[in-house]
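Please walk through this structure step by step. Keep the sequence and the 3D view side by side.

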Amino acid sequence: MNKKCVGIIGLGSYVPQRIMTNKELEQRMDTSDQWIVERTGIHERRVAAENESTSDLATKAGQKALEDAKLSAADIDLIIVATASPDMVFPATACVVQENIKAVNAAAFDISAVCSGFLYAMITGSQFIKAGMYRKVLVIGAETLSRFTDWSDRNTGMLFGDGAGAAVLGETPEGYGILGVDLGADGGGAELLKIPAGGSRHPATNETILQKQHFIHMSGNEVFKFAVKVMGETTLKALKNANLTASDITYLVPHQANIRIIQSAAKRLGMPMEKVVVNINKYGNTSAASIPIALDEAVKSGTIKSGDIVALAGFGGGLTWASSIMKWCK
């Protein structure tokens, strides 16, 4: 029996209208536009409006992906939303999206793998199709991390932005779609990147609020060293699983966390930066949304074309990492 080939058959993304520049951050913290750009590559980021939540961003991205796939919401069998900034602890943001788009036939759940979330969700969703359980799966990475960002913190305040990217998964022609993947985690690094309070261990109290425990806390140097190491490693593992080498990659679409991390990953893979998709300058780190937003822009602009070998790679809190090698078919 032939194995099913599964890949992306529709893409969409959405970012809020409000732009926050580095110049604006100069008024909020001890920093400068030059310092931020040199250390991160970020010039600006998007911030959700007061009446926008993660599900709103996810819904708009999902609708665009459905339109691109030429499908109706009723065609979707499963919705997976990858997010570290859900609308609420429960119900799942995916259930809110299901109602918003009227995907009446779809099961729905969330995945929390932070910046690796979209790839975790995409790889998980592909397995349902390969197993024959579902035909069409809508996968969305969506974040409103601005709600969890301490704008006075020089360590994290300039990094994060809001946005959503979505992909419809389905069967692809033989030899196309997802060719090889890699997933991993190291819970020993859980303390390096976290939002300490708001869960069952440290519920919200006056003290947790005063101590800013509901904002993102990060050990920047340790996370940077981890990311530089793991981005290349996970991509090479996924390539091996696809029986390919780094020289076969047409384009690398990495998690948009820091331009120096992206450059290090490209160097590790022996890839010129012309083959690396970068949009961190416009959006900052949108966590689970960063890879699908970058992928959508690269495809819609005509950069990525049918037949290209595309490597997707990310890392995030957990600590987690993930990668996928695809032969593009749209």
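V114 sits in the loop between β5 (107-111) and α5. The model is a predicted one. V114 is not a glycine, yet its phi is positive, about 55°. At 22% relative accessibility, V114 counts as partly exposed.

A second residue shares this theme. S287 is not a glycine either, and has a positive phi of about 55°. Its place is the loop between α9 and α10. Is S287 buried or exposed? S287 is buried, with a relative accessible area of 1%.

From that loop, move on to helix α10, residues 290-300. This helix is mostly covered, with 9 of its 11 residues buried. Among the buried ones are S290, P292, L295, D296 and V299. Which elements do the buried residues of α10 pack against? They pack against β1 (6-14), α5 (117-130), β7 (162-171), β11 (251-254), α9 (280-283) and β12. Just after α10 comes G302, with a positive phi of about 90°.

Next, look at two cis peptide bonds. One joins F90 and P91, with omega about 5°. P91 lies in the loop between β4 and α4 (93-101). Another cis bond runs from G318 to L319, with omega near -10°. L319 belongs to the loop between β12 and β13.

I76 is another loop residue to find. Its loop runs between α3 (54-69) and β4 (78-82). I76 has 0% relative accessibility and counts as buried. What is I76 in contact with, leaving aside its neighbours within four places in sequence? The contacts are L66, N105, A106, K136, L138 and V168. I76 and V168 are 92 residues apart along the chain, but their C-alpha atoms are separated by 8.5 Å.

Now turn to the interior. The largest nonpolar core holds 41 residues. L25, L159, F226, M231, L252, F315 and I325 touch the most other members. Four elements each supply at least two residues of this core: α7 (220-241), α8 (259-268), β12 (309-316) and β13 (320-327). The largest share, 7 residues, comes from α7. Why does this core lie between two domains? Domain 1 (6-175) and domain 2 (178-328) both give residues to the core, so it lies between them. Apart from this core lies another, of 35 residues, among them V6, L11, Y134 and I304.

I325 gives a closer view of the 41-residue core. Leave aside its neighbours within four places in sequence, and I325 is in contact with a list of residues that includes G177, I178, L179 and G180. T235, A238, L239, A242 and L244 are also among its contacts. So are I309, V310 and A311.

Aromatic rings come next. A pair of aromatic rings is described by the distance of the centres and the angle of the planes. The count here comes to 3 aromatic pairs. One of them joins F226 and F315 edge-to-face, at 6.3 Å centre to centre and 75° between the planes. F226 lies in helix α7 and F315 in strand β12, so the pair ties together parts that are 89 residues apart in sequence. F226 is buried, with a relative accessible area of 15%. F315 is buried as well, at 5% relative accessibility.

F226 also pairs with W321. Their ring centres are 6.0 Å apart and their planes are at 55°, so this pair is tilted. W321 lies in strand β13 and F226 in helix α7, so the pair ties together parts that are 95 residues apart in sequence. W321 is buried, with a relative accessible area of 16%. Ring pairs link F226, F315 and W321 into a cluster.

Charges sit over rings too. The charged end of R154 sits over the ring of W35, 3.8 Å from its centre. The charged end of K327 sits over the ring of Y176, 4.7 Å from its centre.

Finally, consider the record. An unreviewed UniProt entry places the feature "domain: Beta-ketoacyl-[acyl-carrier-protein] synthase III N-terminal" at residues 109-187. Over those residues the chain is 18% helix and 38% strand, and the end C-alpha atoms are 22 Å apart. The unreviewed entry also places "domain: Beta-ketoacyl-[acyl-carrier-protein] synthase III C-terminal" at residues 239-328. There the chain is 31% helix and 22% strand, with the end C-alpha atoms 15 Å apart.

Definitions and conventions:
Residues are numbered from 1 along each chain as its sequence is written. This is a predicted model: local features need pLDDT of at least 70, side-chain atom pairs count only at pLDDT 80 or more; totals for chains, interfaces and linings use all residues. Side-chain values use heavy atoms; hydrogens and water are left out. A nonpolar core is a set of buried Ala, Val, Leu, Ile, Met, Phe, Trp, Tyr and Cys residues joined through side-chain atoms within 4.5 Å. Buried means under 20% relative accessible area, exposed over 50%, partly exposed in between (1.4 Å probe, protein chains only). Domain bounds come from an automatic or database domain assignment. Contact means heavy atoms within 4.5 Å. Rings of Phe, Tyr and Trp (its six-membered ring) pair if their centres lie within 6.5 Å; planes under 30 degrees apart count as stacked, over 60 as edge-to-face and the rest as tilted. A charge sits over a ring if NZ of Lys or CZ of Arg is within 6 Å of the ring centre and within 35 degrees of the ring normal. UniProt positions are given in the numbering used here, feature names are shortened, and annotations may be inferred rather than shown by experiment.
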